[in-house]
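Me: I should like to learn how to read a structure of this kind, feature by feature. May we begin with the overall layout and then turn to the details?

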Amino acid sequence: MKRWLLVLGMITCILGVSACGSKQEEVGPAWTDMIEEEAIYYGEQVFQNLREICSGNYENEKAQIAKADAVSASAFSSWDSAQEDIGEFVEISEENAQINDDGFVVNLKVKGTIHDANIEIIFDDEMMLTSMSTNVIYSFGELMAKAAMNTLLGMGTVFVVLILISLIISCFTFIPKIQASFTKKSQQPQQPVAAPAPAAVAAVEEEETDDLELVAVIAAAIAASQGAASTDGFVVRSIRKRRTF
């Protein structure tokens with residue numbers, strides 16, 4: 001029940017300000033001060049309801065409101081993204097309203113445990129909420145540190161990309177050499193490899209022929225020394241070489 005009352009209260013604060021527009025036309029310039037006070041009041045109510053919905057267990061209600069209203073969805077997103085830097089909400093330290101022909105703007109300065117923030121709530125000429133943003137207030141040192149970090153990241157990224165490009169360009173010099181080596185290999189004719197087996201067989205046959213001739217000579221010499229007419233009765237079984245000193 002409390003959740004729906006909170007949601008209805010936020011919707012009422014957003015839509016209920018429209019009654020002030022008609023009062024301004026009826027009463028005239030004397031209503032200006034009262035309009036500023038009521039604008040600040042309604043601005044505070046809208047902010048408090050938004051903070052309660054974002055910080056409480058109202059995820060379903062938050063999703064329904066964000067789905068039905070784009071302005072509320074943007075307000076939720078802005079507050080959620082700044083919540084980590086703000087920390088816990090303490091109080092509203094300053095507040096003011098600026099009225100013009102197009103509507104009015106409510107500025108609330110929120111004090112947090114980590115950083116303060118400016119809440120800007122804009123209403124149109126029909127007293128309808130058109131925008132709500134949260135801007136965290138950083139110190140000068142924090143702003144300079146963020147600027148230096150952004151500069152360092154940007155320049156570092158540029159230098160890394162340039163180094164990669166230079167490495168890629170330097171590799172282009174090796175591409176023609178690699179292509180030429182592959183082309184040269186493909187153009188060279190394949191030379192047939194001589195088979196070693198026939199040569200070995202020829203050497204064995206030549207050695208056997210030399211041994212047969214030697215045997216025939218030795219047999220003829222023995223036959224001549226014995227006074228035989230032929231070498232048919234002689235058989236040479238082995239030939240040994242004698243060492244000479």
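**Reading the fold step by step**

Reply: Read from one end of the sequence to the other, the protein chain follows the order α-α-α-α-α-β-β-β-β-α-α-α. That comes to 8 helices and 4 strands. Please keep in mind that this is a predicted model.

Me: How many residues does the protein chain have, and what percentage of them count as buried?

Reply: The protein chain has 245 residues, and 23% of them count as buried. Its accessible surface comes to about 17700 Å², with 59% of that belonging to carbon and sulfur atoms. As for contacts between residues at least 6 apart in sequence, 48% join residues at least 24 apart.

Me: How should one read a helix, and which residues of α5 are buried?

Reply: An α-helix has 3.6 residues a turn, so residues three or four places apart point the same way. In α5 the buried residues are S72, A75, F76, S78, W79, A82 and I86. This helix covers residues 70–86, and its 17 residues reach 24 Å from the first C-alpha to the last, close to the 24 Å expected.

Me: What is found at the two ends of α5?

Reply: At the N-terminal end, D69 acts as a cap, with a side-chain oxygen 3.2 Å from the backbone nitrogen of V71. After the helix comes G87, whose phi is positive, near 85°.

Me: How should one read a strand, and which residues of β3 lie on its covered face?

Reply: In a regular strand the side chains alternate between the two faces of the sheet. The covered face of β3 consists of A117, I119, I121 and F123. Its uncovered face carries D116, N118, E120, I122 and D124.

Me: In what sense does β3 pair with β2 and with β4, and over how many bridges?

Reply: β2 and β3 run antiparallel and are joined by 8 bridges. β3 and β4 also pair in the antiparallel sense, over 8 bridges. I122 of β3 helps to trace both pairings: V105 stands opposite I122, and in β4 the bridge partner of I122 is S131.

Me: How many residues lie between the strands of each hairpin?

Reply: The hairpin of β2 and β3 has 3 residues between the strands. The hairpin of β3 and β4 has 4, and there M127 takes a positive phi near 65°.

Me: Which residues have the most contacts inside the largest nonpolar core?

Reply: This core has 27 residues, and those with the most contacts inside it are F47, L50, W79, V106, I119, I121 and M132. The elements giving two or more residues to the core are α3, α5, β2, β3 and β4. Of these, α3 gives the most, with 7 residues. M132 shows how one residue can be followed outward: leaving aside neighbours within four places in sequence, M132 is in contact with V46, F47, L50, S74, A75, S78, I119, E120 and I121.

Me: R51 is found in helix α3. Why does R51 count as buried?

Reply: R51 counts as buried because its relative accessibility is 16%, and the cut-off for buried is under 20%. Leaving aside neighbours within four places in sequence, R51 is in contact with W79 and F89. W79 is itself one of the buried residues of α5.

Notes
Residues are numbered from 1 along each chain as its sequence is written. This is a predicted model: local features need pLDDT of at least 70, side-chain atom pairs count only at pLDDT 80 or more; totals for chains, interfaces and linings use all residues. Side-chain values use heavy atoms; hydrogens and water are left out. The expected span of a helix is 1.5 Å times one less than its number of residues. Buried means under 20% relative accessible area, exposed over 50%, partly exposed in between (1.4 Å probe, protein chains only). A polar contact is a pair of N or O atoms within 3.5 Å; within protein, one must be able to donate a hydrogen and the other to accept it, and residues adjacent in sequence count only if both atoms are side-chain atoms. A nonpolar core is a set of buried Ala, Val, Leu, Ile, Met, Phe, Trp, Tyr and Cys residues joined through side-chain atoms within 4.5 Å. Contact means heavy atoms within 4.5 Å. Accessible areas come from the Shrake-Rupley method with a 1.4 Å probe; for residues, only the protein chains shown count as cover. Two strands pair if DSSP finds at least two bridges between them.
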